[in-house]
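This briefing covers the contacts between chains, the relation of the copies and the nonpolar core. Please consult the sequence and the structure alongside the points below.

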Number of protein chains: 4
Amino acid sequence: MAKKLWGGRFSKKTDPLVEEFTKSIDVDYKLAKHDIMASLIHTKILAKAGLISCPEAKIIYNGLVDIKKKLDSGKFIFDKNAEDIHTAMQNELEKKIGNIALKLHTARSRNEQVVFDIKRYCIFEGSNIDKLIEDFVRQVEGMANSNKDVILPGYTHMQHAQPIEFKYYILAYAHMLKRDSCRLNDALKRLTYPLGSGALAGTSIVGKLYNEAAQKVYKGMQHPFFKVVENTIDNNSDRDFVIEILNTLAILAMHLSRMAEDFIIWSTQEFGFIEIDDAFCTGSSLMPQKKNPDVLELIRGYTGEIYGNLVSVLTMMKGLPLTYNRDMQLDKKPLFSSVKIIKDELIILTKLIKSVKINKLNIEKQLNDESLYATDLAFYLATKKVPFREAHEIVGRMIKDSLTLNIKIKDMNDRELKTYSHFINKQVIRNIFNPKVSVNSKKSFSKRNLPIKIEVCQE
Amino acid sequence: MAKKLWGGRFSKKTDPLVEEFTKSIDVDYKLAKHDIMASLIHTKILAKAGLISCPEAKIIYNGLVDIKKKLDSGKFIFDKNAEDIHTAMQNELEKKIGNIALKLHTARSRNEQVVFDIKRYCIFEGSNIDKLIEDFVRQVEGMANSNKDVILPGYTHMQHAQPIEFKYYILAYAHMLKRDSCRLNDALKRLTYPLGSGALAGTSIVGKLYNEAAQKVYKGMQHPFFKVVENTIDNNSDRDFVIEILNTLAILAMHLSRMAEDFIIWSTQEFGFIEIDDAFCTGSSLMPQKKNPDVLELIRGYTGEIYGNLVSVLTMMKGLPLTYNRDMQLDKKPLFSSVKIIKDELIILTKLIKSVKINKLNIEKQLNDESLYATDLAFYLATKKVPFREAHEIVGRMIKDSLTLNIKIKDMNDRELKTYSHFINKQVIRNIFNPKVSVNSKKSFSKRNLPIKIEVCQE
Amino acid sequence: MAKKLWGGRFSKKTDPLVEEFTKSIDVDYKLAKHDIMASLIHTKILAKAGLISCPEAKIIYNGLVDIKKKLDSGKFIFDKNAEDIHTAMQNELEKKIGNIALKLHTARSRNEQVVFDIKRYCIFEGSNIDKLIEDFVRQVEGMANSNKDVILPGYTHMQHAQPIEFKYYILAYAHMLKRDSCRLNDALKRLTYPLGSGALAGTSIVGKLYNEAAQKVYKGMQHPFFKVVENTIDNNSDRDFVIEILNTLAILAMHLSRMAEDFIIWSTQEFGFIEIDDAFCTGSSLMPQKKNPDVLELIRGYTGEIYGNLVSVLTMMKGLPLTYNRDMQLDKKPLFSSVKIIKDELIILTKLIKSVKINKLNIEKQLNDESLYATDLAFYLATKKVPFREAHEIVGRMIKDSLTLNIKIKDMNDRELKTYSHFINKQVIRNIFNPKVSVNSKKSFSKRNLPIKIEVCQE
Amino acid sequence: MAKKLWGGRFSKKTDPLVEEFTKSIDVDYKLAKHDIMASLIHTKILAKAGLISCPEAKIIYNGLVDIKKKLDSGKFIFDKNAEDIHTAMQNELEKKIGNIALKLHTARSRNEQVVFDIKRYCIFEGSNIDKLIEDFVRQVEGMANSNKDVILPGYTHMQHAQPIEFKYYILAYAHMLKRDSCRLNDALKRLTYPLGSGALAGTSIVGKLYNEAAQKVYKGMQHPFFKVVENTIDNNSDRDFVIEILNTLAILAMHLSRMAEDFIIWSTQEFGFIEIDDAFCTGSSLMPQKKNPDVLELIRGYTGEIYGNLVSVLTMMKGLPLTYNRDMQLDKKPLFSSVKIIKDELIILTKLIKSVKINKLNIEKQLNDESLYATDLAFYLATKKVPFREAHEIVGRMIKDSLTLNIKIKDMNDRELKTYSHFINKQVIRNIFNPKVSVNSKKSFSKRNLPIKIEVCQE
């Protein structure tokens with residue numbers, strides 16, 4: 001294993017199994033660029049505090065910038081033997097600039113570095129996800145716009161309920177994702193960047209110098225995330241933000257799983273409401289005819305991993321005494337996993353939506369189901385001052401008779417219709433049993449006529 | 001079973017097993033007062049829209065107010081045979097005012113009523129929990145204030161790390177709970193009260209009238225929660241807010257589980273840092289000497305139920321097609337459970353904290369552990385321009401030798417000390433190996449000198 | 001609060017809040033009959049060991065039997081102020097037989113009593129569930145038998161795959177439940193009844209006498225569950241069996257959720273494969289026509305609570321030091337909840353299945369989909385020595401052309417068909433594109449011709 | 001992307017994003033050797049059934065054996081562009097033996113291949129874990145043997161309860177793991193190897209031949225896992241075994257988390273009961289003195305990931321209609337993750353246990369706590385026919401007085417002692433307040449004198 005950031009107190013070498021079991025470089029190498037940023041800021045503070053000299057600071061700073069460039073170019077090779085990313089970066093710097101690198105470790109601990117790194121990761125990826133949500137919402141709006149005139153049966157309990165404009169139905173998903181964006185931004189706004197927390201107690205002896213310098217440096221960065229840590233013990237033992245983001249992504253994943261389910265059902269042979277493009281389906285090695293909506297199934301299925309990631313970190317944090325415990329190292333794998341899945345899902349679903357073809361014919365066939373207009377008929381009776389529960393009873397009976405006698409309500413004659421209520425006749429039925437009329441009757445609701453554009457949360 | 005709000009279409013009676021299995025009155029009776037409020041507002045809107053006459057509205061309104069009074073008095077007896085609370089309230093009204101009650105069902109569906117009821121429940125209980133958090137934070141501050149001079153060993157990995165002021169340590173919990181309060185308020189601010197959504201499609205025919213009237217009524221209520229529903233499909237199929245609150249409570253429970261763990265460990269015979277009052281402990285039926293911190297153990301253990309409640313609703317919502325599905329009825333039991341547990345825990349823990357006695361003697365004994373000052377010694381060397389990683393190495397060696405040779409560092413003579421570094425001698429050790437000095441050295445950090453008062457989130 | 005089983009050591013009364021928070025009688029009163037059984041056996045052992053006299057034993061035994069009778073009659077009123085069921089039962093006995101009841105507490109602790117009670121509960125309810133599984137499996141077989149000739153499209157990815165006999169499809173659920181029964185019995189066989197464990201260390205001083213007596217008493221009971229505890233520490237701190245049963249029920253619930261999903265989809269207007277009896281559906285307060293499969297939705301939704309219960313106990317047990325901790329009291333609510341839900345679901349689903357009507361016409365319509373026979377055609381080519389992957393390619397192309405040119409394969413002429421392969425002609429297509437032929441071709445598999453009877457696990 | 005096992009029916013290329021999102025080779029490459037085994041058996045069956053000729057079978061068989069050799073040597077390079085491991089293996093074979101390889105795809109589907117592969121993986125790794133449990137149990141027994149004479153305070157509620165032999169305490173963990181082994185073997189015995197299931201319906205046309213041949217081949221393998229599939233639909237849609245194993249590993253992880261917690265607490269400065277070897281600890285980059293039990297903390301923390309994995313697969317399977325859905329592809333990552341963690345934990349903990357040093361002095365100090373003998377004193381009174389609850393009361397009072405008056409019970413004189421009970425005097429106290437006596441008094445329990453050897457489950 002590569003050089004460690006500790007060891008003087010130990011009289012025995014670490015067991016190789018232990019090194020393998022405890023190291024986190026395989027996971028946390030993804031934090032490299034954030035770790036470098038922490039070191040750059042830390043260097044500035046050390047210099048401003050007079051804890052390192054100006055020339056020393058310059059050497060360290062330039063060394064770090066060099067590493068950053070290599071990272072950005074994608075050519076950096078991580079030392080997979082290092083204990084963690086902090087050690088890997090520190091060792092790299094030592095290789096580059098020699099012993100001066102050792103001074104970088106003044107007044108800091110990996111316990112705070114890792115908090116800085118993950119928080120900055122959250123802010124970066126949070127903002128990426130936010131942009132992908134925006135794209136998704138726009139695409140859903142596009143779908144709504146291109147199918148303005150489509151009316152489809154609305155469902156409750158998966159049974160025909162009332163006619164619904166397709167655009168109104170599909171926009172429900174845009175509203176869900178909009179809430180997800182708000183929730184995400186609320187989580188991100190709670191993040192502050194901590195430096196100077198030390199292992200748990202703050203940086204001692206040099207503390208005053210360090211912290212005064214930090215405040216000046218932070219000011220220069222003009223970024224709301226750079227705030228002075230109020231309680232270093234809380235700071236180093238806190239992983240709330242990981243859980244809050246994992247939960248936000250869990251709700252988001254749940255939303256996408258519902259859209260996936262709707263689309264999967266709509267693309268069955270029996271529904272046939274939509275067709276998903278060949279480019280977004282896969283086949284079977286046995287059955288030559290198969291065209292499967294695998295993408296949608298995986299989106300539904302990944303909900304499992306995303307829920308599991310949330311449970312993972314919640315469980316890990318349960319009952320941990322203060323402050324830092326090594327258990328907390330295990331917050332990263334679940335976080336990275338949920339972030340990756342959600343990003344992939346948003347990108348691919350946005351593209352898939354664009355390709356979906358609506359089969360109007362199949363949808364219209366379902367609109368012939370008279371039960372879809374039962375509620376409208378009851379509402380009509382209510383406007384004639386029939387108490388609603390009575391109207392409900394009357395129409396319920398009509399539906400039952402229609403099914404039992406196997407006769408359509410539209411085909412009943414005036415005499416038959418009057419037996420239910422003298423407000424009902426063939427003309428009334430003809431007017432009401434009509435998808436356009438049904439849908440328009442609810443358009444009055446002012447918000448329903450708004451343009452399809454949905455504002456994504458701006459805090 | 002009592003009268004139902006539907007039935008005309010059915011030619012067979014519901015199987016009694018089905019009635020038993022599907023009814024929710026055993027759980028949702030808790031929503032009674034919120035359901036009455038929904039009906040009161042709905043009555044106002046119906047009247048303003050001219051969908052019921054003014055005299056009718058008055059009769060309905062007064063009938064509802066009567067029921068509300070009985071509810072408030074605690075004397076209301078719920079009809080446990082009713083399908084759900086909405087049916088129970090409707091039936092009660094019919095018993096009171098006869099057939100006019102039927103008109104209340106104009107232009108509404110239980111699908112939206114239940115959303116209204118749960119959201120109002122969340123706002124009520126959310127605000128209750130917020131007050132309990134405030135009490136808790138104040139009590140923690142009180143504990144901090146009464147033990148201003150206590151210094152205790154800080155821990156990482158449950159091993160002695162550095163001396164910490166007790167007040168600073170305990171206030172970390174106040175910071176956590178403060179974040180919980182912010183998170184809760186963020187969740188609550190997202191709630192809007194929906195009426196007029198109907199089953200999924202909005203209220204038809206009478207929709208325009210209803211919604212215009214609703215907007216006027218809402219304006220009169222001058223409450224941010226009363227907003228026009230943007231998308232009725234989204235509204236009726238949304239349970240995000242339940243999950244978000246359950247997650248907020250899960251994080252809160254996790255915080256309390258950590259405090260419980262700290263206190264349980266501190267009150268072991270071996271630590272003996274605190275003593276919990278007899279009034280907050282229980283004994284054993286077998287072992288006469290036992291005085292057990294059961295309250296703290298249950299607080300730790302209830303984390304399980306609270307996590308389980310979150311998983312329950314997340315699982316239930318996974319992959320549900322739009323809009324309302326009966327599965328969603330199962331959101332209430334987990335929500336009510338987590339709310340009750342958290343309220344109980346906050347009340348009892350606030351009271352328990354007040355009773356805790358700090359055993360200074362046992363704590364001070366631990367401060368003799370020289371390893372607590374190792375970091376300060378390394379910092380001291382760093383101020384002498386020894387690169388920190390070298391300083392770390394030196395002090396590590398001192399600790400190792402002290403353990404191996406079984407000699408305290410304080411008892412080493414100047415000659416021995418100089419072998420480690422010429423900056424170290426008996427006087428230096430005497431100065432640095434001192435809890436007060438150690439703690440004061442970090443006090444410089446401006447925020448550390450702030451009064452103990454912590455602002456609880458105000459949005 | 002009622003009298004406690006401890007208290008001598010305490011100089012202050014328990015805070016009423018603490019009594020309320022820690023007591024478990026509201027949940028564990030369900031264990032009453034098992035607790036009496038524990039006391040009856042314990043009495044026998046004490047008498048046989050000479051720790052109480054024979055006349056004393058008789059008085060205690062008769063007192064317990066009296067309580068048991070009252071319990072069985074359903075007339076027993078639980079003292080809701082008692083700390084737990086063990087205390088409630090003990091107090092009741094004291095009321096009945098006076099001070100002699102105090103002797104019952106010799107050599108036992110609530111820590112072991114509660115383990116005995118829950119294990120006996122598991123064995124009772126486990127066996128009840130097993131019987132309900134048996135009923136369910138028989139009902140599924142009945143459904144299979146009554147629809148022997150129905151062929152329906154089999155699905156993968158919810159897309160038409162290959163024709164399947166309905167009986168074979170539905171029996172898959174019987175196989176799943178059969179595995180659940182085996183899993184449950186495996187869990188139950190691991191249970192042993194512990195008495196004599198004391199709080200953690202076994203019963204001291206009187207231990208030898210007690211344990212020798214216990215072995216004799218157990219022998220007399222001739223029940224495999226009565227075994228000597230091998231390690232009392234393990235015994236009192238073990239809740240594995242609760243988790244194992246909760247997981248078994250979670251898998252079972254998952255199976256039922258899949259059947260519910262299948263049935264919900266099949267009873268949509270668009271599929272229309274089955275009709276669920278009116279007695280098993282409910283309606284809507286707004287929409288008069290609605291007939292919703294609420295029972296199935298709730299079965300699907302309850303999966304959430306059942307998964308949550310599992311997570312609850314897993315979380316609670318995580319990281320608990322040995323031996324008994326009060327957290328473990330919280331194992332019962334989740335266990336009782338999952339047991340009740342599963343029993344209800346099995347009873348109601350068994351009854352619902354009986355009422356389901358198969359709509360053969362709608363199913364047959366779907367069998368006209370030619371893609372269902374694509375695999376059979378490819379298999380046919382394979383028997384002609386066309387490598388299977390080439391055959392797959394050929395048939396895939398036929399399907400594509402059929403869709404693009406909007407012509408059924410059955411309507412292609414011999415010339416057209418030969419362009420794909422000289423093994424294909426109209427006669428071949430006519431033979432192969434036939435549900436009965438397709439299904440019979442796989443009947444050869446010996447097991448497929450077995451009678452429909454499925455053996456439920458017998459260990 | 002590499003060649004696929006399907007495609008004829010598609011008129012468009014798969015979107016590269018979709019290929020990336022749906023492919024599983026990054027995860028399922030671990031199944032390679034099991035996939036080859038499936039193909040080897042399948043080849044035998046095809047040959048025996050006359051579906052391929054003998055010379056063809058030989059070419060295929062030899063090709064597969066060549067691939068297997070390369071896999072075993074560790075030199076095989078996986079084609080990361082392949083869709084999954086089945087495709088990768090098939091393509092590799094084609095590269096090796098050309099078009100004949102296509103015949104291997106006769107009468108099989110990836111849906112059954114993947115079930116075969118995972119089941120065989122479970123059997124392999126299950127048996128590996130079983131061996132590691134055996135090692136662990138032996139090591140715990142070794143620890144018990146080397147510390148036969150150590151007595152330590154037993155705890156309930158983390159408070160001193162009664163003296164316990166260390167060996168008896170630590171063996172509790174061996175008993176837990178023994179149960180885990182039994183549970184694991186129960187899960188494994190339920191596994192049967194399925195071939196001939198096809199995609200869902202069994203293999204058609206050639207079915208009879210295939211299945212008769214399969215039965216002969218299976219017979220030759222004389223392995224209980226090779227059984228005829230009873231229901232192919234159930235077989236292809238079943239992932240119970242993954243969940244059952246994940247739950248078994250979750251319970252195991254919970255056990256290890258408890259041992260970790262015990263060891264972490266015991267190695268605090270305040271307890272000081274054990275010392276973990278330097279080789280199994282790590283240090284701090286800031287604090288030179290730190291020696292942290294990171295391995296134990298990670299073992300405790302990984303419980304989170306392992307619980308999360310279980311939740312992941314349970315969630316994924318919830319409400320899936322039959323038969324195969326692509327969601328089910330996501331069963332492998334959680335399974336592989338839990339298996340790897342558990343194996344690592346068992347290996348490292350077994351080694352760590354060996355290195356643990358018991359600090360008898362610190363333990364003995366705690367045995368001076370008189371409260372540990374309170375129960376023994378109460379038992380003593382019970383043998384004098386004092387009803388146990390009265391004895392409990394008496395001793396409780398003694399403890400209270402001792403604490404209040406700050407006098408040890410051992411230091412009370414005969415007169416003082418008699419005020420509690422005339423059965424108590426200095427000699428009695430001296431006899432009873434003795435760890436050895438206390439422990440020996442419970443030794444009578446026959447099982448307690450058994451040798452330390454624990455039988456690991458043999459089914």
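The contact between the first two chains takes 119 residues from chain B and 120 residues from chain A, where contact means heavy atoms within 4.5 Å. The model is predicted, so that local features need pLDDT of at least 70 and side-chain atom pairs count only at pLDDT 80 or more, while totals for chains, interfaces and linings use all residues; side-chain values use heavy atoms, with hydrogens and water left out. Residues are numbered from 1 along each chain as its sequence is written, and chains are lettered from A and ligands numbered from 1 in the order in which they are written.

**Chain B and chain A**

- Chain B and chain A bury about 10100 Å² between them, with 59% of it on carbon and sulfur atoms; buried area is the accessible area (1.4 Å probe) that two parts lose on being put together, summed over both.
- There are 16 salt bridges between chain B and chain A, a salt bridge being a side-chain nitrogen of Lys or Arg within 4 Å of a carboxyl oxygen of Asp or Glu.
- One of the salt bridges joins the side chains of R183(A) and D240(B), at 3.4 Å from N to O.
- The side of chain B that touches chain A has 49 nonpolar, 37 polar and 33 charged residues; Ala, Val, Leu, Ile, Met, Phe, Trp, Tyr, Cys and Pro count as nonpolar, Asp, Glu, Lys and Arg as charged, and the others, Gly among them, as polar.
- A turn of 180 degrees and a shift of 0.0 Å along the axis lay chain B on chain A with an RMSD of 0.1 Å, by least squares on the C-alpha atoms of residues with pLDDT of at least 70 in both.
- That is the relation of a two-fold axis.
- The copies meet through the same surface, because 100% of the interface residues of chain B are also interface residues in chain A.

**Chain D and chain C**

- The contact takes 119 residues from chain D and 119 residues from chain C, and these chains bury about 10200 Å² between them, 59% of it on carbon and sulfur atoms.
- Across the interface of chain D and chain C there are 16 salt bridges.
- R179(D) and D234(C) meet through their side chains in a salt bridge of 2.9 Å, N to O.
- Chain D is superposed on chain C by a rotation of 180 degrees with 0.0 Å of shift along its axis, at an RMSD of 0.0 Å.

**Nonpolar core**

- Within the largest nonpolar core, of 644 residues, those with the most contacts inside it are F263(A), F263(B), F263(C) and F263(D).
- Such a core is a set of buried Ala, Val, Leu, Ile, Met, Phe, Trp, Tyr and Cys residues joined through side-chain atoms within 4.5 Å, with buried meaning under 20% relative accessible area (1.4 Å probe, protein chains only).
- Beyond its neighbours within four places in sequence, F263(D) is in contact with residues including M143(D), I170(D) and L352(D).

Conventions. Buried means under 20% relative accessible area, exposed over 50%, partly exposed in between (1.4 Å probe, protein chains only).
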